[in-house]
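The following report describes a structural model, with attention to helix packing, nonpolar cores and the contact between chains. The sequence and structure are shown first.

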Amino acid sequence: MSWWRYILRARWDRERRRELESYVEIETDDNIARGMSPADARAAAIRKLGNRTLVLEEVYTMNTLGWLDTTWRDLRYGARVLWRQPAFTIVAVLSLTLGVGANTAIFQLIDTVRLRTLPVEAPHELARITIDSGDGGRTGRFTSRYSQLTYPLYEQVRDQQKSFSSLAAWGPVVLDLATAGESRPAQGLWVSGNFFATLGVTPVLGRLIGPDEDRRNCPTPAAVISYPFWQREYAGRPDVIGQTLRLDGHAFEIAGVTPASFFGVEVGRQFEVALPLCTERQVRGLARSALDSGDWWWLAGFGRLKPGVTVQHAEAELKALSAPIFAATLPTGYVTRDADNYKKFVLKAGPVDKGFSALRGDYGTPLLLLLGLAGLVLLIACGNLASLMLARASAREHEMAVRLAIGASRWALVRQLMSESLIVAAAGAICGAWLAHGLSAALLSFLSTPQNPLMLDLTQNWRVLGFTSGLAILTCLLFGLVPAVRATRTAPVNAMRASGRGLTDGRGRFTLRRALVIGQLAVSLVLLVGALLFVRTFQNLATVDVGFTTAGIVAADFDFRRANVAPEGQREFQRSLLERIKAMPGITGATPVSIVPVSGGGWNQGLVIDGKPQEGYPNVNQVGGEYFELLDIPLLNGRTFNDQDTPTSPKVAVVTAAFVERYLKGRDPIGRVFHFDVGPGEPNLAMHVVGVVADTKYSDVRTENSPLVFLAYSQDPAPGASLTTLVRMASPDANITREAVALAGRVSSNMLVTVAYLERQMAEALGRERLMAMLSGFFGGLALLLAAVGLYGVMSYMVQQRRQEIGIRMALGAGRGRVLRMVLRESAVLVTVGVIAGAGLALFSSRYAESLLFGLTATDPLTIVLSVIGLTAIGAGASAIPAWRAARVEPTTALRE
Amino acid sequence: MPPRGRTPIHGDLLQGTLDLLILQTLVLGAAHGHTIAHAIERQSDDVLQIEHGSLYPALHRIENKKWIASFWGTSENNRRARYYRLTAAGRSQLAHQTSRWEALVGAVNRVLRPAPAGSRSDK
């Protein structure tokens, strides 16, 4: 077939028409020459030519593409039919828009978090290095969720392995752009010298950090900035190279800018500044560099595999290297137990083509689950559409019968009905894709918090487009195919006869619609159960008793590392700073702390009691004596810390009830002594228990209360160059950020302040649960609404169809109550079957949600009972109107219709 | 009218035969549809009656194959008419089709009138 001929088919049609006309004229002339009258001559000529339309049609079909022509005709006809039924079209397109939009939005997030590969050269050649630490776990300092390696380990692996052409290391770090006042965080990366080369990233400006910068004590500290940072902070000026950038107060020279597409290697976080690993000591300002610390886990390692080497090969090699490497890097400060564990660690390799991502772990399952829920909503919506299509099909039965009777093929009719569905599906998909764009951005900003800013590239790609078109086709088939096939199945003669009066409608089509409604009710029960599970999980977490007051509590961190305070003056500096904080207007108290509770951070340590090492690692915090009163933590026994607890007095500890229960059972805990399990060479002081307080949550509201030891802040041997305080505001809704910054400014022009409101921070920490509760609640509500509409539609239709029957019943003496009961009984059957099927489905499927629940199980009876009651109530409500309408049928009018 | 005793052949000619006849007619020079039809009828002593319903689609089909080309011209009695002429491709196609036709006719004839035993066939 030639497209050219197809395009010119109209022109050819005109040509041939003219040609035939000229034939008729010539033949007419001939006939006149033979002696006919002009009128007879022309008539004879036309007769001789035969069926002119047939000739033209034959030529036309030679030129056209049959399927294209008929498809186009079907689509145009479908569009006209839909245009004439705006109510149906709007409802159909709107419900598909919602369904497709929700699905696409969630899929878009899944795509960016789980499916997309890193925008670097040949990402599938990259592999990461992790440690299998067995049952023992690792000991030491951890700086991020990606911390898998220490620097000594990285060096050993890098130099000994042969599977990778280059092996790089990186670690996330938050740096401060501000030098005084309120802190301005920047997302930083420590990177090894071969980091950019391993990834194959080239600069858009200047140069990137290179292998030269991999030496310790690197001479000229250089920083690489990201494209968005360059645009934001320097307005994309090319003279940025060589400029000085102050990070945590240290001067760095900007060496280069990375491409716009490169966000780092961590999915969800856009890096802003990359610094060479060698500048770590200088920036952190600590005596001991992390480069020399075997127990400081701050790096993640990855490399580019040599050609032909698979991840499995690399892993086998690393496994063989593990024992000597761990033996060679054993940290000096480890206690025997930790050292034994350490030597048993095994190096592993894994693919990292999609980047490092904590998001994937946190949100992978929830997003898949949400996609499942959204898919179910779409399914219910399709059920409604199919039901509507069936209703329309019966209304158009006569039309179909006539078409069949005059020779239309069944296939042609199905095709034509399907093209109507296709138009609706396509319109829904297009609107849905548009809606998804806004929705996914809204979801992202919902999950992003100031502490944990999320940056994902949400541009549409072929996968998302494919997903949306796939949805459109699937929905079209789901709601269009069965009604279309059924509509064309009736024998014409029956349909023509049935349109007259006096015949009872067959029940076949009705059964299908009832089955649809039962399915919808069942699926919506599943959604309802899911919604309740997640809403109650969120509620449980939000109202969980943390054991202390959180309202009006502010964590204020004062960083005076650059205020030139001598180490011996730090204690006094902290003390006077605390006095000034306590004197701030609008606050009722303040206490120093080492760990801000329920903020994610933690510190735990092994115990030795009566010379015996104890099981487990109790949590530790170091607080001021005001801590317990400030947070309303009840003192159960003994005392809290006071002014007599000084660095030189005996070390004291306040422990929690759970601690007593676990370690000091039996005797009076007050006055008992324990030691911390510390490595060789570290001071090992006796801790005297002076008080017992009630249990509180420690780092996370989700974990159970566990043994907790409080040490006296005033006894801290090295207070350090920053002071973290918990401040209680007089009014819970007050804002003291400005006062805190002003106070810091008065004390020193080089002090940085970070203020976090505990309640807000806790709420943000529940972002995932809140998202699940909100979205599943929304989906559950939507499902309920759609199922109610579906049930209402079917019941109304049934009442409408049976008006005459009801009229006869009433004429024969059936009371209104009886008719009402009859209709309600019908819907009760539907609801009951739907609920039973749904309960079974819910029990079966809710286990996928188990890991995301808190404070209840996936088969929580109350949740299921509540859902059943809710669905039954909605079902009763949806069928009440049709039942009432049935009861109001006037026999006289119904029978006369 | 065909001569007595000879029934005119209506309806479908053998597939491709009409194409061959049209090409042959155009060897003598350009002609329009009306002339082509009459020429074929006359040449065949009115045995072959050309259905106009198949003549024009056939012309269109052959033109699509680029064996003939068309142009608008003026007829003998001053009517605008679409004229067809043979192209080079059409000429070679005609030779090809003619030999194929003769082979076909010869073969059919041999089947219908077998040569007497002992004598040799034509080829």
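## Helix packing and cores

Helices α13 and α24 of chain A cross in a left-handed manner, where left-handed means that the near helix is turned anticlockwise from the far one by less than a right angle, and right-handed that it is turned clockwise. Helices (H or I, at least four residues) and strands (E, at least two) are DSSP runs, numbered from the N terminus. The model is predicted: local features need pLDDT of at least 70 and side-chain atom pairs count only at pLDDT 80 or more, while totals for chains, interfaces and linings use all residues. Residues are numbered from 1 along each chain as its sequence is written, and chains are lettered from A and ligands numbered from 1 in the order in which they are written.

The axes of α13(A) and α24(A), the latter spanning residues 767-801, come within 10 Å and cross at roughly 15°. That angle makes α13(A) roughly parallel to α24(A). Helix α6(A), residues 86-115, also packs with α13(A), their axes coming within 9 Å at a crossing angle of roughly 160°. This makes α6(A) roughly antiparallel to α13(A), and their crossing is left-handed. Axes are lines fitted to C-alpha atoms, for helices over the stretch in contact, with angles from 0 to 180 degrees between N-to-C directions; those under 35 degrees count as roughly parallel, over 145 as roughly antiparallel, 65 to 115 as roughly perpendicular and the rest as oblique.

The table gives residue classes, in which Ala, Val, Leu, Ile, Met, Phe, Trp, Tyr, Cys and Pro count as nonpolar, Asp, Glu, Lys and Arg as charged, and the others, Gly among them, as polar.

| Contact | Nonpolar | Polar | Charged |
|---|---|---|---|
| α13(A) with α24(A) | 20 residues | 6 residues | 2 residues |
| α6(A) with α13(A) | 22 residues | 6 residues | 3 residues |
| Side of chain A that touches chain B | 8 residues | 3 residues | 8 residues |

The largest nonpolar core (buried Ala, Val, Leu, Ile, Met, Phe, Trp, Tyr and Cys residues joined through C-beta atoms within 7 Å) holds 103 residues, of which A:Val377, A:Leu521, A:Leu527 and A:Ala783 touch the most other members. Helix α13(A), residues 358-395, gives the most to this core, with 20 residues. Beyond its neighbours within four places in sequence, A:Val377 is in contact (C-beta atoms, placed from the backbone, within 7 Å) with A:Gly99, A:Ala102, A:Leu527, A:Phe779, A:Leu782 and A:Ala783. Another core, of 64 residues, lies apart from it and includes A:Leu199 and A:Trp298.

The contact between the chains takes 19 residues from chain A and 16 residues from chain B. On the side of chain A, α2 (9-33), α3 (38-49) and α4 (52-63) each supply at least two residues, and α2(A) gives the most, with 9 residues. In α2(B), residues 33-43, the buried residues are B:Gly33, B:His34, B:Ile36, B:Ala37 and B:Ile40; a residue is buried if 20 or more other C-beta atoms lie within 10 Å of its own, exposed if 12 or fewer, and partly exposed in between. The buried residues of α2(B) pack against α2 of chain A, together with elements of chain B including α1 (17-27) and β3 (80-86). Just after α2(B), B:Asp45 takes a positive phi of about 55°.

A:Gly547 lies in the loop between α18 (508-542) and β14 (553-559) of chain A, and is buried, with 21 other C-beta atoms within 10 Å.

Conventions
Two residues are in contact if their C-beta atoms, placed from the backbone, lie within 7 Å.
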